[in-house]
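Me: I'd like to learn how to read a model feature by feature. Could you walk me through this one?

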Amino acid sequence: MPGKQPNLFAFNDVDALAPALRSYLITCQNAGLTRHEAFKVAVSGGSLPKTLAKALLADPKSAEDTIKFDKWEIFFADERAVPLDHEDSNYGLLKKELLDKIPAELGQPTIHPIDTQYLDDTQELADQYEKLLVNSFAKGDSVKLPIFDLLLLGSGPDGHTCSLFPGHPLLRETDAWVAPIEDSPKPPPRRITLTLPVVTHAVKVAFVATGGGKKEIMKEIFEQGNGLPCALVNEATGERCSWFVDNAAVEGVSFPRRGFL
Ligand SMILES: O=C(O)[C@H](O)[C@@H](O)[C@H](O)[C@H](O)COP(=O)(O)O
């Protein structure tokens with residue numbers, strides 16, 4: 001698919017990756033501010049919040065290099081059906097790694113966690129999160145799909161992203177914006193996730209994948225695809241999609257547009 005490939009940015013390590021991720025985030029933030037005076041971003045769990053903190057909490061290098069946290073609206077690309085202070089909570093992880101560390105003078109983002117009164121019923125938990133998205137994205141008339149300014153995702157060693165797992169029927173969901181899953185192969189099993197149409201409808205999608213443990217699956221995602229959730233996102237978003245990786249994660253991976261920021 002010439003001209004439509006995702007961008008792949010590879011770095012020696014996470015310390016080198018973080019500043020590039022920061023400038024990408026600022027570009028996405030500024031585009032969101034121009035579009036609707038806010039920056040609407042959804043984040044995943046895993047190793048992402050830590051890398052995100054490294055990028056966002058660094059000292060600014062210039063006046064343009066500014067994170068306007070008070071304009072950020074942070075949603076969750078997927079979340080586990082656990083209380084917010086539970087060790088498995090993606091909200092809890094983001095809070096610990098990033099939110100608690102944002103200096104007050106930088107302003108604070110608006111956070112949209114799950115409503116934990118529905119933890120016993122994942123369908124209701126998903127429906128309520130979808131309602132929250134409807135209220136956040138629809139202005140008056142109903143919209144077909146929410147358009148996030150950015151989705152920040154990880155890739156599992158099996159090629160999953162969000163809580164969309166290889167071969168799972170959830171990959172065929174076309175109606176719901178947010179769906180429950182009760183049999184996630186990655187624990188804990190009960191979760192909610194944005195669906196594929198919502199993920200691929202975002203203005204930009206960025207994956208962060210690091211470490212040698214990812215190289216086999218990166219090869220499969222980029223060279224064969226094989227219907228893996230990450231490959232499906234690549235195929236549907238093309239150049240709207242960017243991968244921020246370290247060299248260990250892409251060792252031996254053939255890729256036509258391997259870029260370096
Ligand atoms: O809640 C989750 O489990 C995550 O959202 C999940 O999709 C994660 O992003 C990947 O498993 C990658 O995780 P790592 O970054 O830790 O490899």
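Me: How do α2 and α3 run relative to each other, roughly parallel or roughly antiparallel?
Reply: Happy to start there, keeping in mind that this is a predicted model. Two packed helices are described by the angle between their axes and the distance between the axes. Here the axes of α2 (residues 48–56) and α3 (residues 90–97) come within 9 Å and cross at roughly 30°. Angles under 35 degrees count as roughly parallel, and α2 and α3 are therefore roughly parallel to each other. The crossing of the two is right-handed.

Me: Which residues of α2 and α3 meet?
Reply: On the α2 side they are P49, K50 and A53, which meet L93, L94 and E97 of α3. Sorted by character, the residues of this contact comprise four nonpolar and two charged, with no polar ones.

Me: Let's turn to strands. In what sense do β2 and β3 pair, parallel or antiparallel?
Reply: The general idea first: strands of a sheet pair through backbone hydrogen bonds, either parallel or antiparallel. In this structure β2 (residues 39–43) and β3 pair in the parallel sense, over five bridges. To find your place in the ladder, take A42, whose bridge partner in β3 is F75. As for its surroundings, β3 (residues 72–76) has four of its five residues buried, so β3 is largely enclosed by the rest of the structure.

Me: What is the strand order in the open sheet of three strands?
Reply: The order is β4-β8-β7, and the pairing is antiparallel. β4 (78–80) and β7 stand at the edges with a single partner strand each, so one side of each has no neighbour in the sheet. From one strand to the next, the twist averages 20°. Looking at one pair, β7 and β8 are joined over four bridges in the antiparallel sense, and P180 stands opposite I192 in β8.

Me: Which helix lies across β7 and β8?
Reply: That is α4 (residues 122–137), running at about 160° to β7.

Me: Now for the backbone. Which residues have a positive phi although they are not glycine?
Reply: Most residues other than glycine have a negative phi, and most peptide bonds are trans. Two cases to look at are E37, with a phi of about 55°, and C162, with a phi of about 50°. E37 sits in the loop between α1 (14–36) and β2, while C162 belongs to the loop between β6 (150–153) and β7.

Me: Are E37 and C162 buried or exposed?
Reply: A residue is exposed if 12 or fewer other C-beta atoms lie within 10 Å of its own, and buried if there are 20 or more. E37 has 8 such neighbours, so E37 counts as exposed. C162 has 29 and is buried.

Me: And where is the cis peptide bond?
Reply: Look between P187 and P188, where omega is about -5°. P188 lies in the loop between β7 (178–181) and β8 (191–194).

Me: One last stop: which residues does S44 touch?
Reply: S44 is in the loop between β2 and α2. Leaving aside residues up to four places away in sequence, S44 touches A77, D78, N90, L152, L153, G154 and C162. With D78, the C-alpha to C-alpha distance is 5.9 Å, though S44 and D78 are 34 residues apart in sequence. S44 is buried too, with 28 other C-beta atoms within 10 Å.

Conventions
Residues numbered from 1 in each chain as written. Predicted model: local features only at pLDDT ≥ 70, side-chain atom pairs only at ≥ 80, totals over all residues. Axes fitted to C-alpha atoms, helices over the stretch in contact; angles between N-to-C directions. Parallel < 35°, antiparallel > 145°, perpendicular 65-115°, else oblique. Left-handed = near helix turned anticlockwise from the far one by under 90°. Contact = placed C-beta atoms within 7 Å. Nonpolar A, V, L, I, M, F, W, Y, C, P; charged D, E, K, R; others polar. Pairing = 2+ DSSP bridges.
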